[in-house]
Amino acid sequence: MKGNNLQCGADFVKTRQRPPSGLHLEEGKRYVSFDGDGDRVVYYCLRDGVFCLLDGDRIAALCAGFIKEQLRISSLELSLACVQTAYANGSSSVYLSQQLGVEVSCVPTGVKHLHQKALQYDIGVYFEANGHGT
């Protein structure tokens, strides 16, 4: 395998559940890996000596939760939804809807489907579990 993401890109980190080759993680620091064309991202850190991955489902929940809180503070009445595919972790859907009070919508796999559905809301948050999203 050749390329600018050899053993370090978002897919490598997500599928191997470990940091890029040659990277020594330090407690308290945050890290990010992108894929080759920059449209996929995963964040990770070392917490209590354990590798902790923030994949697309977690990133979407963090973003949606933050936006929901900002809407509440500002008293803006805008529609907000998190759009997911069938590959989303079911627990993330439950957390979004029951804990955060964010509407969740499910569409077929693919960013084009996510994007199309997200446009139906004033604010649509979407990330595939693999990190594709916005």
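**Note on salt bridges, sheet and nonpolar cores**

1. In this predicted model, D35 and R40 form a salt bridge whose closest N and O atoms lie 3.7 Å apart. Both partners are shielded from solvent: D35 counts as buried at 14% relative accessibility, and R40 is buried as well, with a relative accessible area of 15%. Each value falls in the buried class because that class covers residues under 20% relative accessible area.

2. The structure holds five salt bridges in total. A further one joins K14 to D55, with 3.4 Å between the closest N and O atoms. This pair links distant parts of the chain, the two residues being 41 residues apart. K14 belongs to helix α1 (residues 10–16), while D55 sits in the loop between β3 (50–54) and α2 (56–74). The surroundings of the two partners fall into separate classes: K14 is partly exposed at 21% relative accessibility, whereas D55 is buried at 13%.

3. Within helix α2, R72 forms a salt bridge with E69, and their closest N and O atoms are 2.5 Å apart. Because the two residues are three residues apart in α2, about one helical turn separates them. The general geometry is familiar: an α-helix has 3.6 residues a turn, so residues three or four places apart point the same way. R72 is exposed, with 56% relative accessibility, and E69 is partly exposed, with 33%. Elsewhere, salt bridges with shared partners join D11, D35 and R40 into one network.

4. How are the strands of the open sheet ordered? Three strands make up this sheet in the order β5-β4-β6, and their pairing is parallel. β5 (103–107) and β6 (123–126) stand at the edges with a single partner strand each, so one side of each has no neighbour in the sheet. On average, neighbouring strands are turned by 30 degrees against each other, direction ignored.

5. The pairing of β4 (residues 80–85) with β5 runs in the parallel sense over five bridges. At the residue level, Q84 stands opposite C106 of β5.

6. The largest nonpolar core comprises 12 residues: V41, I59, A60, A61, A64, L71, L80, C82, L96, V102, V125 and F127. The elements contributing two or more residues to this core are α2 and β4. Helix α2 gives the most, with five residues.

7. Which residues does A60 touch, leaving aside those up to four places away in sequence? The contacts of A60 are with C82, V125 and F127, and these three residues are, like A60, members of the largest nonpolar core. A second, separate core contains nine residues, among them A10, F12, Y31 and V42.

8. Two local features concern helix α3 (residues 90–99) and the residues flanking it. At the start of α3, a side-chain oxygen of N89 reaches to within 2.7 Å of the backbone nitrogen of S91. Just after α3, G101 adopts a positive phi of about 70 degrees.

Methods
Residues are numbered from 1 along each chain as its sequence is written. This is a predicted model: local features need pLDDT of at least 70, side-chain atom pairs count only at pLDDT 80 or more; totals for chains, interfaces and linings use all residues. Side-chain values use heavy atoms; hydrogens and water are left out. A salt bridge is a side-chain nitrogen of Lys or Arg within 4 Å of a carboxyl oxygen of Asp or Glu. Helices (H or I, at least four residues) and strands (E, at least two) are DSSP runs, numbered from the N terminus. Buried means under 20% relative accessible area, exposed over 50%, partly exposed in between (1.4 Å probe, protein chains only). Two strands pair if DSSP finds at least two bridges between them. Axes are lines fitted to C-alpha atoms, for helices over the stretch in contact, and angles run from 0 to 180 degrees between N-to-C directions. A nonpolar core is a set of buried Ala, Val, Leu, Ile, Met, Phe, Trp, Tyr and Cys residues joined through side-chain atoms within 4.5 Å. Contact means heavy atoms within 4.5 Å. A polar contact is a pair of N or O atoms within 3.5 Å; within protein, one must be able to donate a hydrogen and the other to accept it, and residues adjacent in sequence count only if both atoms are side-chain atoms.
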